[in-house]
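Hi there,

Here is the structure I promised to pass on. Please have a look at it first, and then read my notes below.

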Amino acid sequence: MDSSTPRVQMLPQSIDACEMRIYPQKWHKSIALRFELLGPPGQAFLLKHDGDVRDTVGLLTNILPYSNMIRKKARNKVQCSGDNQTAPGLLQDMAFWKYSKIGMEDWTIGDECLRASSYLNEDHAPSAARLGIKPNYGPYKPLNGWCPNLVDDWGLWIKVMFKVPQKITGIITQGHGYEKMWIEEYSMLYQTPKGAWQHVTDSDGRRMVFRGNRDNHTPMEQFFPKEVQAVAIQIQLVKDKWHQYPALRFELLGEPVGPRPPIGEEHWLARYLQALEDYKAAENAICT
């Protein structure tokens, strides 16, 4: 929407390619583009994570914008400590943990923790607002998504209440599970542990309006300028900023409460970081 803000778009699934072409469809004043492609560096490879084998690009939807930051922190920490500790051994203390899924998609957050200003019917209740598919519901069977009742509702919000305070750093959104309906803009509020409600703001303290989806199935990530400590999160729709009818599925990102599981050399992120370092070393060898 402007000439300076980077925009991240993820493909629904990874592709193997020897050439990529970008065809402009619409533009402002004149065609101008700067871009970077995302994917495994140098080669395609599969990683094992939580018992599932998934493609690397799909695994990195949470942390791709932060991969450079993670590598920089790893290098700085090694230099400051004066030892030969590698990136995988440093991950316990770094940014990856701040961008984990909090629990909408895997039902860690129960239906009793969800509230909304209204809903269209039982098939579009707050409990249907979960990202992805419903467990044990059959292959490729997504939930419908939450849809408010526009006739009786002028507030248009959905809320998640946490049992203990959570550190929240972002959100992933989708549209309706079947129909071409989605939300185009929204804002977010959070309730502090002291009970006060505050808007998520930018670095200048201005209320942020987040860009939503462009279709009903592609997940769209939005990250906060800084993490917030919250006992509740509320997503507030912007009037008339939706396609056909407001429909939302989402997952919250943040730092999980409780002990962090150990990260070893076989962890998917550890292997990804090692691949980045190997690629960089090969690149330097070619250049010299």
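**Nonpolar cores**

Leaving aside residues up to four places away in sequence, Phe162 is in contact with Ile102, Ile109, Ile168, Ala230, Val231, Ala232, Ile233 and Leu252. Please keep in mind that this is a predicted model.

Phe162 also belongs to the largest nonpolar core, which has 30 residues. Together with Met188, Ile235, Phe250 and Leu252, Phe162 is among the residues with the most contacts inside that core. Strands E5 (157–174), E7, E10 and E12 (249–255) each supply at least two of the core residues, and the largest share, six residues, comes from E10. Apart from this core lies another one, of five residues, including Tyr99, Ile172, Phe223 and Leu253.

**Aromatic rings**

You may enjoy this part. The count of aromatic pairs comes to two. How are the rings of Tyr186 and Phe210 arranged? Their centres are 5.6 Å apart and their planes are at 20°, so this pair is stacked, given that planes under 30 degrees apart count as stacked. The pair links distant parts of the chain, with Tyr186 in strand E7 (residues 185–191) and Phe210 in strand E9 (residues 210–211), 24 residues apart.

The other pair is formed by Phe210 and Phe224, and it is tilted, with 5.9 Å from centre to centre and 40° between the planes. Phe224 lies in strand E10 (residues 220–237) and Phe210 in E9, so this pair ties together parts that are 14 residues apart in sequence. Through these ring pairs, Tyr186, Phe210 and Phe224 are linked into a cluster.

Are these rings buried or exposed? Tyr186 and Phe210 are both buried; for Phe210 the relative accessibility is 2%. Phe224, at 6% relative accessibility, counts as buried too.

There is also a charge over a ring: Arg130 lies over the face of Trp107, at 4.1 Å from the ring centre.

**Backbone points to check**

Two residues other than glycine caught my eye for their phi values. Leu156 has a positive phi of about 55° and sits in the loop between strand E4 (114–116) and E5. With a relative accessibility of 7%, Leu156 counts as buried.

Gln244 has a positive phi as well, near 65°. Its place is in the loop between strand E11 (242–243) and E12. At 58% relative accessibility, Gln244 counts as exposed.

Happy to talk it through whenever suits you.

Best wishes

Definitions and conventions: Residues numbered from 1 in each chain as written. Predicted model: local features only at pLDDT ≥ 70, side-chain atom pairs only at ≥ 80, totals over all residues. Heavy atoms only, no water. Phe/Tyr/Trp six-rings, centres within 6.5 Å; stacked < 30°, edge-to-face > 60°. Helix = DSSP H or I, 4+ residues; strand = E, 2+ residues; numbered from the N terminus. Buried < 20%, exposed > 50% of the residue type's maximum accessible area, 1.4 Å probe, protein only. Lys NZ or Arg CZ within 6 Å of the ring centre and 35° of its normal. Core = buried A, V, L, I, M, F, W, Y, C linked by side-chain atoms within 4.5 Å. Contact = heavy atoms within 4.5 Å.
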